[in-house]
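Student: I would like a close look at one strand of the sheet in this model and at what surrounds it. Please take it step by step.

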Amino acid sequence: MAESGLKEKLEKFGIKTAIGYLRKDPEKNLPKLMDMIDKADKDNTFAAARYSFHQAIDDPASNWNHLIYRVVKNINPHVLETFFTNFFLNSTFIGGKKQMEYRKKYGCNVPWAILLDPTSACNLHCTGCWAADYGHQLNLTFDEIDDIINQGVKMGTYMYIYTGGEPLVRKDDLIKLCEKHSDCIFLCFTNSTLIDDKFAEDLQRVGNFVPAISVEGFEEATDARRGKGTFQKICKAIDILNAHQLPYGISCCYTSQNVDSIGSEEFFDWMVDQGAIFTWFFTYMPIGKNAPTDLMATAEQREMMYYRIRDFRNSKALFTMDFWNDAEYVYGCIAGGRSYLHINANGDIEPCVFIHYSDANIREKTLLEAYRSPLFMQYHLNQPFNTNMLRPCPVLDNPYKLEEMVSKTNAHGTDLVDQESPHEYCAKCEKIAQRWAPVAERLWKSSGANGRHCLNCDDTILPENLVPEDERISFEEMVKFEQAQKKQHA
């Protein structure tokens with residue numbers, strides 16, 4: 001296979017040697033290394049990715065050029081080598097092949113990443129956060145997390161993302177898991193207040209753990225939601241990570257109250273100046289019966305973030321992702337195991353970190369059994385939930401889609417405090433969804449992205465100039481596979 005051929009050539013050259021070669025003279029040697037990769041990829045399996053990378057490194061004025069060279073020059077060589085091996089080779093090349101094999105064999109979704117909560121404990125109490133009400137009682141044991149990773153790797157999942165609670169309450173166990181699963185890559189959403197020099201030294205040693213620090217904007221906005229003094233603790237943690245040449249990202253939840261600050265150019269510049277490699281934007285979801293609904297971003301604010309993120313993505317040296325508004329690039333909802341799923345601290349296997357309903361628990365079922373459970377199969381058979389990919393979510397954008405899926409299964413609520421029905425949860429999003437629908441329709445028509453394929457349709461409406469030919473063929477093969485499965489289950 002092309003994947004194994006390229007992997008063997010890269011290993012023969014030596015990834016460690018390649019990283020050292022790059023750092024000696026990045027501007028001179030990176031193009032040479034790319035030429036070697038071009039020659040190794042004889043089947044053009046990764047032509048689209050190589051083309052994009054060439055565009056970045058060939059344009060000195062490009063923000064992507066600045067980001068790539070900043071990473072090569074500033075990140076610890078061992079960490080860079082480990083990240084390249086585990087993320088690109090293991091998670092993407094090797095893992096993608098395994099995932100497709102299991103998808104074809106068992107007719108279900110198999111995820112690229114698994115989110116899991118090592119603990120419900122947290123040292124902060126943030127406004128609007130469901131974990132703040134869960135208490136400190138629930139934990140996945142070391143052996144349970146280890147078993148989840150073992151099962152996942154068998155099916156091609158090499159990416160594990162910790163949420164919570166505050167995952168770093170368990171940082172000793174998390175480092176041991178990095179050591180034991182040295183072929184995997186771990187990302188952690190964290191408030192960062194528990195990061196110290198000892199932990200940074202451990203991160204540098206294992207090389208396969210990347211923090212994503214939760215920030216609400218500048219000091220006033222962050223402290224307003226996370227507690228007084230939190231922003232200064234975040235800045236201290238960032239200084240520690242930079243001193244140890246460690247990669248990290250910023251996680252941002254935009255609400256009706258902080259959207260102007262968090263979407264400002266000043267805030268993006270602050271993230272770049274601080275040395276962040278990536279940033280991940282989410283919008284606030286009113287999860288739980290007592291969750292405030294006035295924090296939900298309006299349709300106008302969501303549209304503003306749609307434009308701001310795209311503008312800054314093309315101008316700032318920062319890899320920026322928008323969990324909802326970037327759905328057009330991944331063809332709708334990625335939950336339910338299509339790209340990821342979530343396991344809470346009680347072991348409940350949920351379709352999404354924002355969907356607290358489940359019909360499987362890791363202590364009772366294997367991952368594969370969960371992927372084939374009624375709730376996950378409902379996701380598999382109904383995705384995407386809208387032909388407009390800017391309306392991907394079965395709750396926020398298509399209220400009551402979640403209720404329909406749960407009603408067809410034996411799924412139950414997993415909220416640990418005061419469970420709400422799917423109808424109650426969806427109803428809280430109904431007005432916001434109605435206001436967003438015409439905005440999304442206008443954006444979808446004007447962006448040209450509506451030429452992408454709808455997986456629930458029989459016709460391919462992909463314009464010839466939208467995606468490189470090799471990527472288009474690969475996507476069409478995926479479409480045919482998913483359509484065949486849908487017809488089989490019809």
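Tutor: Two strands count as paired if DSSP finds at least two bridges between them. The model is a predicted one, and the part chosen here is strand E8, residues 340-343.

Begin with the strands beside E8. Strand E1 (residues 113-116) runs parallel to E8, and four bridges join the two. Within this pairing, Leu116 stands opposite Ile343 of E8. Strand E9 (residues 349-350) runs antiparallel to E8 and is joined to E8 by two bridges. Here His342 has Glu350 in E9 as its bridge partner. E8 and E9 form a hairpin with five residues between them. Gly347 lies in the turn and has a positive phi of about 90°.

Next, the faces of the strand. In a regular strand, side chains alternate between the two faces of the sheet. In E8, Tyr340 and His342 are on one side, Leu341 and Ile343 are on the other, and all of them are buried. Both faces of E8 are therefore covered, with buried meaning under 20% relative accessible area.

The wider sheet is open and has nine strands, in the order E7-E6-E5-E4-E3-E2-E1-E8-E9, with mixed pairing. Strand E7 (319-322) and E9 stand at the edges with a single partner strand each, so one side of each has no neighbour in the sheet. E1 also pairs with strand E2 (residues 159-162), in the parallel sense and over four bridges. Ile114 has Tyr160 as its bridge partner in E2.

Tyr340 of E8 also belongs to an aromatic cluster, formed by Phe189, Trp280, Phe282, Phe323, Trp324, Tyr340 and Phe354. A search of the whole structure finds 26 aromatic pairs. In one of them, the ring centres of Phe282 and Phe354 are 6.1 Å apart and the planes are at 55°, so this pair is tilted. Phe282 lies in strand E6 (residues 278-283), whereas Phe354 lies in the loop between E9 and strand E10 (357-358), so the pair ties together parts that are 72 residues apart in sequence. Phe282 is buried, with a relative accessible area of 11%. Phe354 counts as buried too, at 9% relative accessibility. Another pair is Tyr379 and Phe385, with ring centres 5.6 Å apart and planes at 90°, so it is edge-to-face. Tyr379 and Phe385 are both buried.

Tyr379 leads on to the nonpolar interior, since among the residues that Leu402 touches are Ile355, Tyr357 and Tyr379. The largest nonpolar core has 118 residues, of which Tyr162, Phe209, Met271 and Leu402 touch the most other members. Helix H11 (residues 230-243) gives the most to this core, with seven residues. A second, separate core of 11 residues includes Ala18, Leu30, Ile37 and Val72.

For contrast with the buried strand, take Asp260 in helix H12 (residues 259-262). Asp260 has 58% relative accessibility and so counts as exposed. Leaving aside neighbours within four places in sequence, Asp260 is in contact with Met304 and Arg308. The C-alpha atoms of Asp260 and Met305 are separated by 9.1 Å, and these residues are 45 apart along the chain.

Technical notes
Residues are numbered from 1 along each chain as its sequence is written. This is a predicted model: local features need pLDDT of at least 70, side-chain atom pairs count only at pLDDT 80 or more; totals for chains, interfaces and linings use all residues. Side-chain values use heavy atoms; hydrogens and water are left out. Buried means under 20% relative accessible area, exposed over 50%, partly exposed in between (1.4 Å probe, protein chains only). Contact means heavy atoms within 4.5 Å. Rings of Phe, Tyr and Trp (its six-membered ring) pair if their centres lie within 6.5 Å; planes under 30 degrees apart count as stacked, over 60 as edge-to-face and the rest as tilted. A nonpolar core is a set of buried Ala, Val, Leu, Ile, Met, Phe, Trp, Tyr and Cys residues joined through side-chain atoms within 4.5 Å.
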